[in-house]
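Visitor: I have a protein chain in front of me. Could you walk me through its structure?

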Amino acid sequence: MELKEFIENFAEQFDDTESSEIQANTEFHELDEWGSLTGMGVIAMVKTTYGKTITGKEIRECVTVEDLFKLVESK
């Protein structure tokens, strides 16, 4: 799993946020479009794309997109 690919897949979960705004160090909770629905989309993306299960609690504990990547990588 590559960080660049993960960022691209993560960015696809947003409808109105430009993918160029999302980088490894992006604090995704601060994005205007971030919410529970987007979080559920991320959980589903991780399950279908990477075959791994993460929880909403685990996502809330992450600060940056890279933190989330490391979480998924560690599963």
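Visitor: Which elements are included in what covers the buried residues of α1?
Guide: Keep in mind that this is a predicted model. In helix α1, residues 3-11, the buried ones are Phe 6, Ile 7, Asn 9, Phe 10 and Ala 11. Their cover includes α2 (36-50) and α4 (65-74).

Visitor: How many helices and how many strands does the protein chain have?
Guide: Read the elements from the N terminus. They run α-α-α-α. The count is 4 helices and 0 strands.

Visitor: Why is the protein chain as compact as a globular protein of that length?
Guide: Compare its radius of gyration with the globule rule. For 75 residues the rule gives 11 Å, and the protein chain is close to that, so it is as compact as a globular protein of that length. The radius of gyration itself is 11 Å.

Visitor: What does the C-alpha trace span along its principal axes?
Guide: Take the three axes in turn. The spans are about 30 × 25 × 20 Å.
In the protein chain, 39% of the 75 residues count as buried. To come back to your question, the trace spans about 30 × 25 × 20 Å.

Visitor: Which element gives the most residues to the largest nonpolar core?
Guide: This core has 22 residues, and those with the most contacts inside it are Phe 6, Phe 10, Phe 28, Val 42 and Leu 68. Two or more residues come from each of α1, α2 and α4. With 5 residues, the element that gives the most is α4.

Visitor: Why might such a core form?
Guide: There is a general tendency here. In soluble globular proteins, nonpolar side chains tend to be buried together.

Visitor: Which residues does Val 42 touch, not counting those up to four places away in sequence?
Guide: Val 42 is among the residues with the most contacts inside the largest nonpolar core. Beyond its sequence neighbours, Val 42 touches Phe 10, Gln 13, Trp 34, Ile 54, Ile 59 and Leu 68.

Visitor: Does Glu 58 count as buried or exposed?
Guide: Glu 58 sits in helix α3, residues 56-61. Leaving aside neighbours within four places in sequence, Glu 58 contacts Thr 53, Leu 71 and Lys 75. The cut-off for buried is under 20% relative accessible area. Glu 58 has 18% relative accessibility, so it counts as buried.

Visitor: How far apart are the mean positions of the positive and negative charges?
Guide: The protein chain has 7 positive and 17 negative charges. Take the mean position of each set. These two points are apart by 12 Å.

Definitions and conventions
Residues are numbered from 1 along each chain as its sequence is written. This is a predicted model: local features need pLDDT of at least 70, side-chain atom pairs count only at pLDDT 80 or more; totals for chains, interfaces and linings use all residues. Side-chain values use heavy atoms; hydrogens and water are left out. The radius of gyration is taken over C-alpha atoms; the globule rule is 2.2 Å times the number of residues to the power 0.38. Buried means under 20% relative accessible area, exposed over 50%, partly exposed in between (1.4 Å probe, protein chains only). Lys and Arg count as positive and Asp and Glu as negative; His and the chain ends are not counted. The place of a charge is taken as NZ of Lys, CZ of Arg, CG of Asp or CD of Glu. Contact means heavy atoms within 4.5 Å. A nonpolar core is a set of buried Ala, Val, Leu, Ile, Met, Phe, Trp, Tyr and Cys residues joined through side-chain atoms within 4.5 Å.
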